[in-house]
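The following exercises concern a single protein chain and are meant to be worked with the sequence and the structure in view. Each task is followed by a solution in steps.

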Amino acid sequence: MRKKLSVFVMALAGAALLAGCGSNTTTATDTATETTAEATTETTTEAAPAEDTTAEAEAPAQTTEDNGTVSTDGSTSMEKVIGALGESFMAQNDGVTFTYNPTGSGSGITAVEEGRCDIGLSSRNLKDEEVAKGLTQTVLAYDGIAIIVNPENPVADLDIDTIARIYKGEIKNWSEVGGNDAEIVLIGREAGSGTRDGFESITGTEDACAYRQELTSTGDVITTVAQNPDAIASLASVKDSVKALSVGGVVPTEDTVKDGSYVIQRPFVLVTKDGVALSATARKFFDYITSADAAGIISEAGAVAAN
């Protein structure tokens, strides 16, 4: 009897279990259906933002943020300044990568416009048509270029038009500008030099200068001018062994370069695009190099910091 009762109880338990399983299966199916519906609803709701995320991922700023990099592109004349700033930035921020592509001002501006870099570099102001395309410039520094002669040369001041005529070979003797009766010896940096490019673009003497010697370093230029009483050259830095001329009555100093009264100077410009936010890394770099903290580095690189 006990055996039969046990069997009966077990049978009842089995039936209950089967009933329970059937009930759970139905509930799971209903739940799965609801979950699928919810998932479908959520996917549909989030579809639009997903497209925006994809669009943002294609922008260089987003790529830079993800990779912890900041990319710059443009002016070859800014190489020394931007390179020093990039090295300093990386030294202060572990894991961050800084890149500089020396393609020239025009190419750097185009790169920003097309979204191929974070910050463009230009050694001239933006043109009206470039601003109309939604580009913005921020002056990082000024590149002042001194006209140097031998300390024995009695000439102390020349205007920019006279300087241009000397470099074009239209004025050949120092006596024509109040100096000694001696042939003017033009000393310059090699083709491709940022200083030479800057000087020639400012004075309008591109591809027209009659250089006697073209030297590959600032030190060599200074030494040559210091040893030749009839030499003249253009440089971004000056030492006591040579004499810097005033131009149009204005002596080249940090203040006169910064306020624009010394005319043989040009801006070093950072170019960004309106409506396109810089990545976190690029923004941090931008803020750093335009702060007073970077002024010393810019000065050591031969330029005058705007801030």
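**Exercise 1.** Which residues does Ala244 touch, not counting residues up to four places away in sequence?

*Solution.* The model is a predicted one.
Step 1. Locate the residue: Ala244 belongs to strand β10, which covers residues 243-244.
Step 2. List the contacts. Leaving aside residues up to four places away in sequence, Ala244 touches Ala146, Ile147, Ile148, Val238 and Pro252.
Step 3. Consider accessibility: Ala244 has a relative accessibility of 31% and counts as partly exposed, since the partly exposed class lies between 20% and 50%.
Step 4. Consider a distance in space. The C-alpha atoms of Ala244 and Ala156 are 7.9 Å apart, although 88 residues separate the two in sequence.

**Exercise 2.** Determine how Tyr167 takes part in aromatic pairs, and state which parts of the chain these pairs tie together.

*Solution.* Step 1. Begin with the search of the whole structure, which finds five aromatic pairs.
Step 2. Take the pair of Tyr167 with Phe199. The ring centres are 4.5 Å apart and the planes form an angle of 55 degrees, a tilted arrangement.
Step 3. Place the two residues. Tyr167 is in helix α7 (residues 160-167) and Phe199 in helix α8 (residues 194-203), so this pair ties together parts 32 residues apart in sequence.
Step 4. Take the pair of Tyr167 with Tyr211. Here the centres are 6.1 Å apart with 75 degrees between the planes, and the pair is edge-to-face because that angle is over 60 degrees.
Step 5. Place Tyr211: this residue lies in the loop between α8 and β8, whereas Tyr167 lies in α7, so the second pair ties together parts 44 residues apart in sequence.
Step 6. Check burial. Tyr167 is buried at a relative accessible area of 0%, and Tyr211 is buried at 14%. Phe199 is buried as well.

**Exercise 3.** Describe the crossing of α7 and α8 and the residues that make the contact.

*Solution.* Step 1. Establish the geometry: the two helix axes come within 10 Å and cross at roughly 115 degrees. The crossing of α7 past α8 is left-handed.
Step 2. Name the residues. From α7 the contact uses Ile160, Ile163, Ala164 and Tyr167, and from α8 it uses Phe199, Ile202 and Thr203.
Step 3. Sort them by class, which gives six nonpolar residues, one polar residue and no charged residues.

**Exercise 4.** On how many faces of helix α9 do the buried residues lie, and what covers them?

*Solution.* Step 1. Identify the residues: in α9 (residues 218-227), Val221, Ile222, Thr224 and Val225 are buried.
Step 2. Look down the helix axis. The buried residues fall within an arc of 165 degrees, so they line one face of α9.
Step 3. Recall the general rule: an α-helix has 3.6 residues a turn, so residues three or four places apart point the same way.
Step 4. Find the cover, which includes β5 (146-149), β7 (185-189), β8 and β9 (231-235).

**Exercise 5.** Is Asp207 buried or exposed, and what is notable in its backbone?

*Solution.* Step 1. Asp207 lies in the loop between α8 and β8.
Step 2. With a relative accessible area of 83%, Asp207 is exposed.
Step 3. Its phi is near 60 degrees, a positive value in a residue other than glycine.

Note on methods:
Residues are numbered from 1 along each chain as its sequence is written. This is a predicted model: local features need pLDDT of at least 70, side-chain atom pairs count only at pLDDT 80 or more; totals for chains, interfaces and linings use all residues. Side-chain values use heavy atoms; hydrogens and water are left out. Rings of Phe, Tyr and Trp (its six-membered ring) pair if their centres lie within 6.5 Å; planes under 30 degrees apart count as stacked, over 60 as edge-to-face and the rest as tilted. Helices (H or I, at least four residues) and strands (E, at least two) are DSSP runs, numbered from the N terminus. Buried means under 20% relative accessible area, exposed over 50%, partly exposed in between (1.4 Å probe, protein chains only). The arc is that of the directions from the helix axis to the C-beta atoms. Contact means heavy atoms within 4.5 Å. Axes are lines fitted to C-alpha atoms, for helices over the stretch in contact, and angles run from 0 to 180 degrees between N-to-C directions. A crossing is left-handed if the near helix is turned anticlockwise from the far one by less than a right angle, and right-handed if clockwise. Ala, Val, Leu, Ile, Met, Phe, Trp, Tyr, Cys and Pro count as nonpolar, Asp, Glu, Lys and Arg as charged, and the others, Gly among them, as polar.
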